[in-house]
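The following exercises concern the structure shown below. Each task is followed by a solution that proceeds step by step.

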Amino acid sequence: MAMNILFFILLTISISPYLSSALLNDASWWCEKMPNPEPCKHFMSTKPNKFGLILHKSDFRKVALELAMERALNAESHTKWLGQKCRNEREKAAWSDCLKLYESTILQLNQTLDPTTKCTDFDAQTWLSTALTNLETCRAGFVELNASDYMLPLMSNNVTKLISNTLAINNNGSTTPVESYKHGFPGWFRPGDRKLLQTAAPRANIVVAQDGSGNYRTVKAAIDAAAKRSGSGRFVIYIKRGVYRENIEIGNKMKNIMLVGDGMKYTIITGSRSVGGGSTTFNSATVIVTGSGFIARGITFRNTAGPQNHQAVALRSGSDLSVFYRCGFEGYQDTLYVHSQRQFYKECYIYGTVDFIFGNAAVVFQNCMIYGRRPMASQKITITAQGRTDSNQNTGISIQNSRIMAASDLKPVLNSFKTFLGRPWKQYSRTVFLKNYMDGLVDPAGWLEWDGNFALNTLYYGEYRNTGPGSSTSRRVKWRGYRVITNSNEASRKRARRKRCGGRKKGHTSRICKYQRAVYLGFLWDLLTPKQHVKFGRMLRRKPTKIEIKIEDKEELEEARNRTAAVNPTGATALLHHFNTSSASASASTKAQRIGLQS
């Protein structure tokens with residue numbers, strides 16, 4: 001009976017002109033809560049009937065994602081058309097990067113929207129963070145090649161702001177969960193892959209050998225062959241010892257590729273592209289990986305452009321759930337570009353000078369050797385430059401149980417150059433050093449400004465139980481965003497991930513979840529007629545916990561509370577109080593409130 005009444009109420013609401021008007025205003029109300037309300041309201045108002053009903057936060061999140069996708073597709077089409085407007089090679093290089101970046105952005109939005117994709121809030125936030133990082137990278141390419149004056153205004157759009165809104169809606173996912181580790185690797189790393197990675201000689205699908213003893217003589221030829229395989233299961237390419245002078249790209253469509261070498265001293269892939277040589281930082285990498293599930297073992301990735309050519313990347317990774325094990329990364333400025341997505345590096349060697357571990361991935365380094373090299377005269381050595389641009393992204397660099405040392409070319413001139421743990425490349429830069437050994441090359445201040453006071457209040461830089469001559473925090477910077485971590489919980493994650501309503505067990509619903517479901521009923525109440533109030537009130541008294549209106553997090557709860565209070569303070573307060581009563585028999589004052597509602 002109760003369910004029949006509820007169905008009747010919802011049916012009445014669905015055909016009510018008053019409800020239609022309210023729902024049209026609903027999108028505008030939600031837009032006002034976003035970091036960028038104006039483009040949200042503008043595009044929502046141009047197609048008010050396209051996105052369907054918006055009854056609660058999950059509806060609005062879906063609408064906001066669809067809107068971001070629509071505008072991203074439009075921007076991609078416009079960017080393709082702009083190719084004919086490029087006036088020189090520098091503009092064409094940056095434009096070419098943007099095409100790839102928009103393609104990736106659409107891919108990230110699409111898998112977030114895909115109802116068949118089983119993903120957590122953190123998965124979604126990772127992909128949305130990547131989408132936003134892509135657009136920032138597009139813009140940066142024009143700036144670093146001094147080609148921004150003409151092309152960037154032509155490419156202006158609101159996609160960045162719309163994606164930023166989607167991140168804000170889903171901001172539970174920006175909180176990094178405590179990562180579980182199994183046998184020294186992240187919990188998301190599949191047991192079969194872990195076993196394969198630790199097998200002395202894994203069975204290869206393709207063998208690369210310069211002497212002709214394999215299937216192919218070049219790595220690129222092997223990658224091209226792998227692209228034609230059927231399916232997307234694990235595909236192993238064994239690269240025999242040798243120095244391979246080539247540039248490699250493993251694209252978005254090439255999932256679960258594994259490169260296995262004969263050891264970082266013996267299998268080397270090397271190139272020399274650089275910003276000084278006319279490339280963008282994004283495209284300067286010797287090896288580029290974006291296909292998800294990538295694994296590398298026993299290989300060195302090298303860029304030999306030298307410090308005089310400025311940004312020159314050895315490896316750029318935008319591969320989600322990727323693992324690098326016992327690999328080397330050699331370069332000078334911008335050696336290792338951890339561009340985006342979730343990445344894990346274990347027992348690796350990393351060499352560089354300026355910002356030589358940089359990007360906006362959610363990345364962990366464990367048991368690595370990190371070497372500062374001799375830079376150009378007057379340069380400072382900075383190990384990290386983390387690039388979070390939005391407070392709701394779930395990105396950051398975590399360096400754990402590693403060693404920070406001077407390379408052989410730096411040791412003789414160690415007193416001539418200062419070395420810092422990092423500097424804030426972007427507004428919300430986030431980096432932590434946990435239980436590392438820091439040799440004497442690390443400057444007592446620890447961290448370096450990027451440009452004056454930029455990001456010093458919004459960054460998050462932390463140090464926890466490091467050792468060695470360079471680890472003392474007594475003379476570290478005094479920035480608001482810097483902290484010496486003393487709590488082990490904060491060391492494992494900056495903020496605890498909030499629990500979602502409900503549990504794994506069937507039928508389990510906590511009291512707070514019942515309360516959250518109930519809040520939105522205040523808005524329903526305002527839409528009912530007086531007769532419906534009476535029936536609704538009786539139904540609530542009989543089986544209030546059977547009302548299945550879900551509100552998933554505390555922040556949405558607060559938004560709903562504010563909204564219902566604004567629409568109907570008395571009705572909202574009474575309904576909230578009713579559902580917040582823990583005992584079966586309500587107090588006399590609660591009963592009085594219920595009776596008042598039915599008049």
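UniProt positions are given in the numbering used here, with feature names shortened, and annotations may be inferred rather than shown by experiment. The model is predicted: local features need pLDDT of at least 70, side-chain atom pairs count only at pLDDT 80 or more, and totals for chains, interfaces and linings use all residues. Residues are numbered from 1 along each chain as its sequence is written, and side-chain values use heavy atoms, leaving out hydrogens and water.

**Exercise 1.** Determine where the UniProt feature "active site" is placed, and describe the surroundings of that residue.

*Solution.* Step 1: the unreviewed UniProt entry places the feature at Asp355. Step 2: Asp355 belongs to strand S18, residues 354-359; strands (E, at least two residues) and helices (H or I, at least four) are DSSP runs, numbered from the N terminus. Step 3: Asp355 counts as buried because its relative accessibility is 5%; buried means under 20% relative accessible area, exposed over 50%, and partly exposed in between (1.4 Å probe, protein chains only). Step 4: contact means heavy atoms within 4.5 Å. Beyond neighbours within four places in sequence, the contacts of Asp355 include Asp334, Arg423 and Trp450.

**Exercise 2.** Identify which strands stand at the edges of the open sheet.

*Solution.* Step 1: eight strands, paired in parallel, follow the order S5-S8-S11-S14-S17-S20-S23-S26. Step 2: S5 (242-245) and S26 (437-438) each have a single partner strand, so one side of each lacks a neighbour in the sheet. Two strands pair if DSSP finds at least two bridges between them. Step 3: S5 pairs with S8 (residues 267-271) over four bridges, and Gly242 has Thr267 as its bridge partner in S8.
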